[in-house]
Amino acid sequence: MAASFERYAYMSPKLHPVESPEKGGHGLIAREPIQAGERLLVWGGAIVDHDRLKKLPAILQRRSVQVDDGLYLVTPVKDEPADYINHSCAPNAGLQGQLTVVAMRAIDPGEEVCFDYAMTDASPYDQFDCECGAPTCRGRVTGNDWLLPELQERYRGYFSTYVQRLIDRSVERVRPSQIAWAL
Ligand SMILES: [Zn+2]
């Protein structure tokens, strides 16, 4: 008999989910002070490839996260509060590994906890026009945002291991030609 779980993910008791229709349904709010570096979420679920992902209901696709080349983590339930975390172009949380979300700075009670999808996404499975309202809002969130040098700088240490590996590889690819140019 298959085991069943009420929850697939971990969510810090310092967070609580709220309705947020203007942001696609929900959001996560800090209910008490959070320190920089504190663990907030550990996502869980099932791993699917791109073909399988595209056949899933839109809501599950939207709440999935890319964890490796062509592989995505999907929570096989409609309501998993850890998946309610929204994107922001001025995030206060980032990734550690592939599945763990930590605070990038101290977060006050009442603040929404957000990460930047550029920290996890490197394919165009979830692109959208962003209205996060941050002064640094880039207007459109795409699967190529991790390539932007300013984001690589700003989120250093907070990209998922998968995206960091892509960044490291892209730097290695660029370096020889830069050397040739400099010579
Ligand atoms: Zn934005």
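1. Let's start with a cysteine: Cys 89 counts as buried because its relative accessibility is 0% (buried is under 20% relative accessible area, exposed is over 50%, and partly exposed is in between, with a 1.4 Å probe and protein chains only). Before going further, a word on the model. It is a predicted one, where local features need pLDDT of at least 70 and side-chain atom pairs count only at pLDDT 80 or more, while totals for chains, interfaces and linings use all residues. Residues are numbered from 1 along each chain as its sequence is written, and side-chain values use heavy atoms, with hydrogens and water left out.

2. What holds the zinc ion? Its coordination comes from the SG atoms of Cys 89, Cys 130, Cys 132 and Cys 137, at 2.3 to 2.4 Å (donors are N, O and S atoms within 2.8 Å of the metal, or 3.2 Å for Na, K and Ca; water is not among the atoms, so sites may look incomplete). Along the sequence, these donor residues follow the spacing C-x40-C-x1-C-x4-C. The arrangement is tetrahedral because the 4 donor atoms subtend angles of 106 to 113 degrees around the zinc ion (for four donors, tetrahedral needs all angles between 85 and 135 degrees).

3. How exposed are the other zinc cysteines? Cys 130 is buried, at 9% relative accessible area, whereas Cys 137 is partly exposed, at 27%. As for disulfides, the structure holds 0 (a disulfide is a pair of cysteine sulfur atoms within 2.5 Å).

4. Now the nonpolar interior. The largest nonpolar core has 37 residues, and Leu 40, Leu 41, Trp 43 and Ile 85 have the most contacts inside it (a nonpolar core is a set of buried Ala, Val, Leu, Ile, Met, Phe, Trp, Tyr and Cys residues joined through side-chain atoms within 4.5 Å). Elements that each supply at least two residues of this core include strand 3 (25-30), strand 4 (39-42), strand 6 (65-68) and helix 4 (161-182). Helix 4 gives the most, with 4 residues. Helices (H or I, at least four residues) and strands (E, at least two) are DSSP runs, numbered from the N terminus.

5. Apart from that core lies another one, of 6 residues, with Val 48, Leu 53, Leu 60 and Tyr 125 among them. Leu 60 sits in helix 2 (residues 58-62) and is buried, at 16% relative accessible area. Leu 60 and Val 77 are 17 residues apart in sequence, and their C-alpha atoms are 8.0 Å apart in space.

6. On to the sheet: 4 strands make an open, antiparallel sheet in the order 1-4-10-9 (two strands pair if DSSP finds at least two bridges between them). Strand 1 (10-11) and strand 9 are the edge strands, each pairing on one side only. Strand 9 runs antiparallel to strand 10 and is joined to it by 4 bridges. Ala 93 stands opposite Ala 103 in strand 10.

7. How many salt bridges are there? The whole structure has 8 (a salt bridge is a side-chain nitrogen of Lys or Arg within 4 Å of a carboxyl oxygen of Asp or Glu). One of them pairs Arg 138 with Asp 116 at 2.7 Å, N to O. This pair links distant parts of the chain, 22 residues apart: Arg 138 is in the loop between strand 12 (128-129) and strand 13 (140-141), and Asp 116 is in the loop between strand 11 (114-115) and strand 12. Arg 138 is partly exposed, at 23% relative accessible area, but Asp 116 is buried, at 0%. Arg 138 also forms a salt bridge with Asp 145, with 2.7 Å between the closest N and O atoms. Asp 145 is buried too, with a relative accessible area of 6%.

8. For a salt bridge inside a helix, look at Arg 154 and Glu 150, which meet at 3.0 Å, N to O. Both lie in helix 3 (residues 149-154), 4 residues apart, about one turn of the helix. Arg 154 is partly exposed, at 33% relative accessible area, while Glu 150 is exposed, at 54%. Elsewhere, Asp 116, Arg 138 and Asp 145 are joined into one network by salt bridges that share partners.

Terms used: Tetrahedral: all angles 85-135°; square planar, octahedral: opposite > 155°, others 65-115°.
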